[in-house]
Amino acid sequence: MSNRQKRRAPKGVLGRLIRTIFQFYPVMLPIALVCILINAVVSSIPSIFMQNIILVVEEHWQSGDWAAASADVFRLVGLLVIFYIISLAAGVAFQQLMAIITQGSLAKMRKKMFNGMQKLPIKYFDTHNHGDVMSYYTNDIDTLRQMISQSLPQMLSSGIIILTVFSIMMYYSIWMTLIVLLGVVCMTFIVRKVGGGSAKYFVRQQEALGKTEGYIEEMMNGQKVVKVFCHEEAAERDFDKINDALFADSEKAHRYANTLMPILNNVGYVLYVVVALVGGWLLLSGAPNLSLSGQAFGISIVVSFLNMTKQFTGNISQVSNQLNAIIMGLAGTKRIFDLIDEKPETDDGYVTLVNVKEGANGELIECEERTNVWAWKHPHSDGTLTYTRLAGDVRFFDVDFAYEEGKTVLHDISLYAKPGQKIAFVGSTGAGKTTITNLINRFYDIADGKIRYDGININKIKKADLRRSLGIVLQDTNLFTGTVMDNIRYGRLDACDEECIAAAQLAGAHDFITRLPQGYQTELSGNGASLSQGQRQLLAIARAAVADPPVMILDEATSSIDTRTEAIVQQGMDALMTGRTVFVIAHRLSTVQNSNAIMVLDHGRIIERGTHEELLALKGTYYQLYTGVLELD
C-alpha cells in the first residue's frame with residue numbers, strides 16, 4: 001500500500017467501529033442513541049412554541065382579552081418546560097451511558113490489541129519501532145476516546161437537529177427555506193474547499209506522532225550510549241527533523257481547521273441578516289406564503305425563522321467543527337484495527353508435550369499430574385498415538401534461511417546435538433549464530449531443509465510446547481516489575497519458593513540476592529535498574545534454570561559478567577548443563593573450550609567444526625581467534 005493510500009481518510013473504519021462498540025454494548029448503545037434522538041428533537045421544538053406564542057398574542061391583541069392570552073401563553077410555556085425537563089433527563093442519561101460505553105470500549109480495545117500482540121511473531125517486533133507500537137496504546141486510543149465520547153455524539157445530535165429544523169422550516173415556509181438552503185450550499189462549498197485539506201494532514205499527524213514517540217523511546221533506552229559517544233548534538237538534529245515533520249503536518253491540519261470556524265460563523269451571521277431582510281420584504285409586499293401548513297405569512301413565521309436559521313447554521317458549524325476530530329479519530333482507529341488485524345503467528349503443529357510415567361512394561365503413560373518426565377505426544381493419521389521421551393536430540397539437515405526473500409543468511413547448515421552435549425557457535429557479528437538458535441525455537445521458520453527434535457520434524461510440534469522444552473538466556477536481559485522471586489519464577493509459574501531459591505543458588509545469584517534490602521522479596525522496577533548488569537544476567541540465568549528444560553540456549557549469557565563472577569556462574573552453568581543439550585554463543589572462547597563440538601561460522605556457513613583440541617590442531621580460523629591473530633567483532 002502506498003503512502004498516499006495510507007494517508008487518505010480511512011474508509012469502512014467508522015462502520016466497523018460502530019459494529020464493534022455495538023458488540024461490546026448491544027443494549028446500552030441503542031438506549032444511548034435513543035437518548036441522543038430525544039435530546040436533539042426536543043431542543044428543536046422551541047421554535048414551534050415561539051411561533052405559537054406570537055400567534056396567540058396577535059390573536060388576542062385584536063380582542064383585548066388579555067386574561068385568555070395569559071392563560072394560553074402560560075399553557076404553552078408550561079409545555080415548553082416539560083419538554084426541557086425531558087430533554088434534560090435524556091441528556092443526563094446519555095452522558096452517563098456514554099461515559100460507560102466510552103471507557104468500557106477503550107478498555108476492551110486495549111485488551112484486544114494486547115491479546116493480539118501476544119500472538120504476533122517475533123518478526124513483527126523486529127521490524128516495528130517499539131515507540132510507534134506504544135503510540136497505539138496512548139495517542140491513537142486518546143483520539144478514539146475523544147471521537148466516541150464527544151465528536152460522534154455531537155455530530156449525530158447536530159445532524160438530527162438539522163433534519164428536524166429543516167422539516168419545521170419546510171412546514172412553515174418553502175420560500176424562506178430555499179433562502180436558508182442557498183446559505184447552506186455556500187457553507188458546504190467552504191467546508192469542502194477549506195476543511196477538506198485538513199483531513200490528510202490529520203492522518204499524517206498521527207503517523208508522525210508515532211514516529212516521534214518511537215525516536216524518543218529509542219533515545220531514552222540508548223541514553224548512555226549517546227552520552228558516551230558525545231552524540232547529543234547529532235541526536236538533537238535528528239530529533240529536530242522528526243519534530244519539524246510533526247510540526248509541519250500538525251500546523252497545516254490545525255491551520256485549515258481553525259480557519260474554517262470563523263468563516264462559517266460569519267457566513268451564518270450574513271445568512272441571518274439575509275433571512276431577516278427577505279422576511280421583512282415578504283411581509284411588506286404581502287406575497288403569498290408557500291408552505292405545508294397553509295398558514296398566511298406573518299411576523300410569527302419571520303421571528304421563528306430567524307431563530308431556526310441561527311440554530312440551523314450553528315449546528316452545521318458544529319458538524320464541520322467535529323469533522324476534523326472524527327477524521328483524526330478514524331486515523332487513530334485505523335491504526336488500532338491494523339494492529340488487531342496483524343496476522344498472528346501461524347502454528348500448524350499437532351505434536352504436544354505431556355507429562356508421562358513409565359508403566360510396568362516400560363511403556364510411557366500420559367499423566368495429568370506433574371511428574372517431571374516429559375514426552376512428545378504424536379497423533380498419527382490412522383488414529384494411533386505414540387509417545388517419544390523428551391531427550392533434547394536436535395539435528396539440522398541442509399538448512400537454508402533468509403529473513404527476506406532472496407537474501408539468504410544461512411547456507412546448508414547441518415549439525416547434530418545429542419542429548420547432554422554442549423554445542424558452541426563461534427564467529428563474527430552477523431555470521432548467523434543467533435539466527436540458528438532462533439530457528440530451534442521457531443521464532444522464524446526455515447526456507448529449506450529440516451530440523452528434527454527427538455526425531456520429530458519441529459514443524460509438526462506445537463510452538464508453545466516446543467518452546468516450553470527450551471530454556472534461553474539472552475545477552476540483553478529483561479526483568480519485570482515485581483519481586484526478585486517473581487522474576488525468577490517467570491521461568492515456571494508453578495515453581496515453589498524453594499525451587500526458585502535452588503535455581504538462584506545454581507546460577508550463583510543467591511549470595512547477592514540475600515544481601516538485597518528484602519532479599520528475594522525486594523521489589524524491582526525499570527528493568528532492574530537498581531541492579532548491576534551482571535546481577536541482572538544472573539537472575540536471567542536463574543530464571544532459565546527454574547524452568548528445568550532439556551535444551552538450553554545461552555546467547556552471550558555471560559557477556560555482561562566480570563571474570564570473577566563468570567567463574568562462579570560457570571560452575572553453576574556446568575551443573576545446569578548436566579544431562580541437557582546446550583547451545584552456546586560466546587565471544588569469550590574460554591567459555592566454550594569444554595564443548596563437545598564447536599562450530600565456526602562465517603557469512604552463514606559452517607567453515608570449521610570439532611572439539612577445542614581438534615580445532616587448535618587444525619590451525620584454521622578458530623586457532624587464529626584463540627591465539628589472538630584474529631579478533632571477533
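User: With which residue does Arg 489 form a salt bridge in which the closest N and O atoms are 3.9 Å apart?

Analyst: In this predicted model, Arg 489 lies in helix α14, which covers residues 484-489. The partner lies in that helix as well, 3 residues away, about one turn of the helix. With the closest N and O atoms 3.9 Å apart, the pair falls within the 4 Å cut-off for a salt bridge. The partner is Asp 486.

User: Which residue forms a salt bridge with Arg 489 in which the closest N and O atoms are 2.2 Å apart?

Analyst: Asp 486 is a salt-bridge partner of Arg 489, but that pair has its closest N and O atoms 3.9 Å apart. The residue asked for is partly exposed, at 34% relative accessibility. It is Asp 497.

User: Is Arg 489 buried or exposed?

Analyst: The relative accessible area of Arg 489 is 16%. Buried means under 20%, so Arg 489 falls in that class. Its partner Asp 486, at 39%, is partly exposed. Arg 489 itself is buried.

User: How many residues apart in sequence are the parts that Glu 366 and Lys 377 tie together?

Analyst: The side chains of Glu 366 and Lys 377 meet in a salt bridge of 3.3 Å, N to O. Glu 366 belongs to strand β2 (residues 364-367) and Lys 377 to strand β3 (residues 374-379), so the pair links parts of the chain separated by 11 residues.

User: What is the relative accessible area of Lys 377?

Analyst: Glu 366, the salt-bridge partner of Lys 377, is partly exposed at 32%. Partly exposed runs between the 20% and 50% limits, and Lys 377 is also placed in that class. The value for Lys 377 is 23%.

User: With which side chain does the side chain of Ser 158 make a polar contact?

Analyst: Ser 158 sits in helix α7, residues 130-172, and is buried, with a relative accessible area of 0%. Leaving out residues up to four places away in sequence, Ser 158 touches Asn 315, Gln 318 and Val 319. The polar contact, at 3.3 Å, is with the side chain of Asn 315.

User: What percentage of the residues in the protein chain is buried?

Analyst: The protein chain holds 20 helices and 16 strands. Its exposed area is about 32200 Å², with carbon and sulfur atoms supplying 58% of it. Of the 633 residues, the buried share is 45%.

User: How many salt bridges does a search of the whole structure find?

Analyst: Those described above include Glu 366 with Lys 377 and Asp 497 with Arg 489. The search over the whole structure gives 17.

Definitions and conventions
Residues numbered from 1 in each chain as written. Predicted model: local features only at pLDDT ≥ 70, side-chain atom pairs only at ≥ 80, totals over all residues. Heavy atoms only, no water. Helix = DSSP H or I, 4+ residues; strand = E, 2+ residues; numbered from the N terminus. Buried < 20%, exposed > 50% of the residue type's maximum accessible area, 1.4 Å probe, protein only. Polar contact = N/O pair within 3.5 Å; in protein donor to acceptor, adjacent residues only side chain to side chain. Contact = heavy atoms within 4.5 Å. Areas by Shrake-Rupley, 256 points an atom, 1.4 Å probe, with all protein chains shown as cover.
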